[in-house]
Amino acid sequence: MERMRRLRSSAALRGMVRENHVRTDELIYPIFVMEGENICCPVDAMPGICQYSLDRLPTELDRVIEVGIKSVLLFGIPLHKDEVGSGAYDENGIVQNAIRFIKSNKKYRDLIVIADVCLCEYTSHGHCGLIQNGIILNDETLPLLAKTAVSYARAGADIVAPSDMMDKRVEAIRNALDSNGLVSIPIMAYSAKFASAFYGPFREAAHSAPGFGDRKTYQMDPANGREALREVEEDILEGADFIIAKPAMAYMDIIQAIHTNYNIPIVAYNVSGEYSMIKAAALNGWIDEKKIVMELLTGLKRAGAKMIITYHALDAAKWIQEEEK
């Protein structure tokens with residue numbers, strides 16, 4: 001007679017038959033870098049997360065190395081913004097300098113550095129593309145995104161990650177990388193990126209809230225699932241090497257659908273609002289933070305994610321280390 005509980009009777013047995021595991025080398029930790037000096041500025045809406053100037057960046061990188069995380073995702077915060085987001089593709093921009101800093105330091109150079117490619121942190125209007133008469137321009141934005149990706153790759157980025165959601169930007173970036181001799185640089189495309197209310201705390205951290213309107217004309221409608229597969233297929237055909245689904249918690253069906261239909265590494269982005277909700281509940285003593293976070297990350301792996309971008313990464317890595325002792 002079959003008895004399913006036979007394999008649940010001890011921790012050792014449960015571990016033996018466990019289908020999904022969260023591994024430290026599959027966690028990607030986002031870091032906000034900003035121009036200036038001696039800056040370690042806490043983000044009020046994201047407890048435990050700070051913005052760092054380059055001279056204070058080692059404080060965070062040391063924590064990353066200590067817990068065994070292998071990958072970081074960089075977001076830049078410039079001092080000055082303009083209509084065309086020129087800080088994004090400035091050869092001496094904040095992200096370019098952060099990449100060079102990491103790769104020139106023997107202690108950190110083995111970290112996989114992923115550079116987010118977008119204009120929103122750098123434009124005075126806060127949108128991810130150029131604008132004309134209140135319209136976000138698609139094709140006119142592509143050369144600037146491509147120029148940004150090439151600049152990051154030349155600075156030493158291991159992966160470029162376009163998050164803008166302009167049509168054909170993966171193709172534009174792939175062609176630009178290849179024509180500049182950067183054929184080995186992978187593209188981690190934000191393919192299934194939804195116009196979500198879960199991004200609020202990030203926009204505080206990255207100073208990237210749109211100055212007018214919203215991003216619904218280029219980010220996806222949260223009601224649409226099958227459309228996400230069309231976006232993913234298009235990006236794969238254009239040359240994407242990884243696919244990001246964002247947000248994560250409310251979109252596990254999207255992650256699973258991508259996993260079922262495409263043989264490509266999937267990255268789940270456990271975004272700022274998801275992080276902040278858990279942190280707020282934990283600070284109020286309403287939940288067990290460790291158990292909730294690890295259950296969430298395991299759920300993302302079960303849905304089909306190969307890697308997870310998460311602000312919980314440092315804590316999760318420590319908890320994984322504790323379990324392995």
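Let us begin with H127, which is buried at 0% relative accessibility. A residue counts as buried when its relative accessible area is under 20%, so H127 belongs to that class. Please bear in mind that the model on the screen is predicted. H127 sits in the loop between β5 (112-117) and β6 (131-132). Which residues does H127 touch, once those up to four places away in sequence are left aside? They are L119, C120, I136, P210, F212, D214, R215 and Y218.

For contrast, please turn to M4. This residue lies in the segment before α1 (11-16). Is M4 buried or exposed? With a relative accessible area of 51%, M4 is exposed, because the cut-off for that class is over 50%. M4 and H312 are 308 residues apart along the chain, and their C-alpha atoms are separated by 33 Å.

I now come to the protein as a whole. The protein contains 11 helices and 12 strands. Its radius of gyration is 20 Å, close to the 20 Å that the globule rule gives for 325 residues, so the protein is as compact as a globular protein of that length. Along the principal axes, the C-alpha trace spans about 70 × 45 × 40 Å. Of the 325 residues, 54% are buried. If we consider the contacts with a separation of 6 or more, 75% of them are made by residues 24 or more positions apart.

A few words on the surface and the charges. The accessible surface comes to about 14,900 Å², and carbon and sulfur atoms account for 50% of that area. There are 36 positive and 44 negative charges in the protein. How far apart are the mean positions of the positive and negative charges? The answer is 8 Å.

Next, I should like to examine one helix, α7, which covers residues 226-238. Helix α7 has 13 residues, and the distance from its first C-alpha to its last is 19 Å. The expected value, at 1.5 Å a residue, is 18 Å, and the span of α7 is close to it. Which residues of α7 are buried? They are A228, L229, E231, V232, D235 and E238. A general point helps in reading such a list. An α-helix has 3.6 residues a turn, so residues three or four places apart point the same way. What covers the buried residues of α7? The cover includes the helices α5 (169-179) and α8 (252-261), together with the strands β9 (188-193) and β10 (242-246). Directly after α7 comes G239, whose phi is positive, near 120°.

I shall finish with some details of the backbone. The peptide bond from K246 to P247 is cis, with omega near -5°. P247 is located in the loop between β10 and α8.

Two residues that are not glycines have a positive phi, namely N38 and M165. For N38 the angle is about 55°, and for M165 it is about 70°. Where are these residues found? N38 is in the loop between β1 (27-34) and β2 (40-42), whereas M165 is in the loop between β8 (159-162) and α5. Their surroundings may also be set side by side. N38 counts as exposed, at 55% relative accessibility, while M165 is buried, with a relative accessible area of 4%.

Definitions and conventions. Residues are numbered from 1 along each chain as its sequence is written. This is a predicted model: local features need pLDDT of at least 70, side-chain atom pairs count only at pLDDT 80 or more; totals for chains, interfaces and linings use all residues. Side-chain values use heavy atoms; hydrogens and water are left out. Helices (H or I, at least four residues) and strands (E, at least two) are DSSP runs, numbered from the N terminus. The radius of gyration is taken over C-alpha atoms; the globule rule is 2.2 Å times the number of residues to the power 0.38. Buried means under 20% relative accessible area, exposed over 50%, partly exposed in between (1.4 Å probe, protein chains only). Contact means heavy atoms within 4.5 Å. Accessible areas come from the Shrake-Rupley method with a 1.4 Å probe; for residues, only the protein chains shown count as cover. Lys and Arg count as positive and Asp and Glu as negative; His and the chain ends are not counted. The place of a charge is taken as NZ of Lys, CZ of Arg, CG of Asp or CD of Glu. The expected span of a helix is 1.5 Å times one less than its number of residues.
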